Amino acid sequence: MYMDGTKEILHDKWEYWEGPGFSGEYPIKWMAVEDQETGQYAISSNDPGGKGGKYGSVDIVTKNKFKDFRAHVEFFIATEGGNSGVYLQNRYEIQVLDGDTTTHGMAAVINESESPYHLYNGIGKWNAYDIQFRAARFDDEGNLSEKPMVTLYFNGEKAHTNVEIQQVWGGEKSGLDGGNDGGKGITDRPGGLKLQAEGHDVLYRNVWIKEMDFEAADTDF
């Protein structure tokens, strides 16, 4: 378990991503709060360091880094327009954004797929991503030979099947390799699961990650 709603696991398993836009201060300021639906504790991404949508300023990432993995992430958007994001390998974003049905919107593999917005439970309800991710592959000379790939279930329904991701989007503040060749300069450096802080009331709970080794380029569940 990587996030159960307690501050103890938050501080044990996560750290700030100290990228070029980092402006946070330890300890991590993401707080344990009660959600409106169940009254149980969850972790709020509304870090004061991200107020005003300060991109890349106080995102958190797992201390453990991964190549291939399966992950489960539950999120709750409390207010209209709530914005966050789940980053695979601290590179590739699965969007968390209320009200947006575009390729930049809810549950899209950002700028790579359509938003399966019809599967979204809406404001004030818990939602879940189940993710299977196969990292990019490189040949013996270090050249990119196979692009990363992701399959996503959204609230139990298959939303994306084996989406081949073309690049890192969002620039150097977005995550690993975002500043390399306009996001196309992918490396083989493993990365953690990252959650984005955009100064919104988006909560997270029940996050788990299982390291895998997908030899075949087939990530379908």
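This is a chat about a predicted model, covering its strands, its aromatic rings, its charged pairs and two polar residues.

Q: Let's start with the sheet: how many strands form the open one, and in what order?
A: In this predicted model, the open sheet is formed by 5 strands, which come in the order 1-4-13-6-7 and pair in the antiparallel sense.

Q: Which strands stand at the edges there?
A: Strand 1, which covers residues 14-16, and strand 7 stand at the edges, and because each has a single partner strand, one side of each is left without a neighbour in the sheet.

Q: What holds paired strands together in general?
A: The strands of a sheet pair through backbone hydrogen bonds, and the pairing can be either parallel or antiparallel.

Q: OK, and how many bridges join strand 1 to strand 4?
A: There are 3 bridges between strand 1 and strand 4, the latter being residues 60-62, and the two run antiparallel. If you want to find one of the bridges in the structure, look at Trp 14, whose bridge partner in strand 4 is Thr 62.

Q: What about strand 14, which strands does it pair with?
A: Strand 14, residues 202-212, pairs in the antiparallel sense with strand 3, residues 41-44, over 2 bridges, and it also pairs with strand 5, residues 68-77, in the antiparallel sense over 9 bridges. On the strand 3 side, Ser 44 stands opposite Leu 203, while on the strand 5 side His 72 stands opposite Trp 208.

Q: Switching to rings: how many aromatic pairs are found in the whole structure?
A: The search of the whole structure finds 12 aromatic pairs. One example is the pair of Tyr 16 and Phe 22, which is tilted, with 5.4 Å from centre to centre and 55° between the planes.

Q: Are those two rings' residues buried or exposed?
A: Tyr 16 counts as buried, because its relative accessibility is 2%, whereas Phe 22 is partly exposed, with a relative accessible area of 24%.

Q: Which residues make up the aromatic cluster?
A: Tyr 2, Phe 66, Phe 69, Tyr 92 and Phe 133 form one aromatic cluster. Of these, Phe 69 has its place in strand 5, and it counts as buried, at 1% relative accessibility.

Q: And what does Phe 69 touch further along the chain?
A: Leaving out residues up to four places away in sequence, Phe 69 touches a list of residues that includes Leu 88, Ile 131, Phe 133, Leu 193, Ile 209 and Phe 214.

Q: Now charges: how many salt bridges are there?
A: The search of the whole structure finds 6 salt bridges. In one of them Lys 194 is joined to Asp 59, with the closest N and O atoms 3.6 Å apart, and this pair links distant parts of the chain, since Lys 194 is in strand 13 and Asp 59 is in the loop between strand 3 and strand 4, 135 residues apart.

Q: Are Lys 194 and Asp 59 buried or exposed?
A: Lys 194 is buried, with a relative accessible area of 0%, and Asp 59 is buried too, with a relative accessible area of 1%.

Q: Which residue does Arg 137 form a salt bridge with?
A: Arg 137 forms a salt bridge with Asp 68, where the closest N and O atoms are 2.9 Å apart. Arg 137 lies in strand 9 and Asp 68 in strand 5, so the pair ties together parts that are 69 residues apart in sequence.

Q: Which charged residue is buried yet has no salt bridge?
A: That describes Asp 98, which is buried but has no salt bridge, and the nearest side chain of opposite charge, Lys 125, is 13 Å away. Asp 98 is found in the loop between strand 7 and strand 8.

Q: So what polar atom lies 2.8 Å from its side chain?
A: The backbone nitrogen of Gly 81 lies 2.8 Å from a polar atom of the Asp 98 side chain.

Q: Last one: where is Ser 84, and what does its side chain join up with?
A: Ser 84 has its place in strand 6, residues 83-88, and a polar contact of 2.7 Å joins its side chain to that of Tyr 204. Ser 84 counts as buried, because its relative accessibility is 0%.

Methods: Residues numbered from 1 in each chain as written. Predicted model: local features only at pLDDT ≥ 70, side-chain atom pairs only at ≥ 80, totals over all residues. Heavy atoms only, no water. Helix = DSSP H or I, 4+ residues; strand = E, 2+ residues; numbered from the N terminus. Buried < 20%, exposed > 50% of the residue type's maximum accessible area, 1.4 Å probe, protein only. Lys, Arg positive; Asp, Glu negative; His and termini not counted. Salt bridge = Lys/Arg side-chain N within 4 Å of Asp/Glu carboxyl O. Polar contact = N/O pair within 3.5 Å; in protein donor to acceptor, adjacent residues only side chain to side chain. Pairing = 2+ DSSP bridges. Phe/Tyr/Trp six-rings, centres within 6.5 Å; stacked < 30°, edge-to-face > 60°. Contact = heavy atoms within 4.5 Å.
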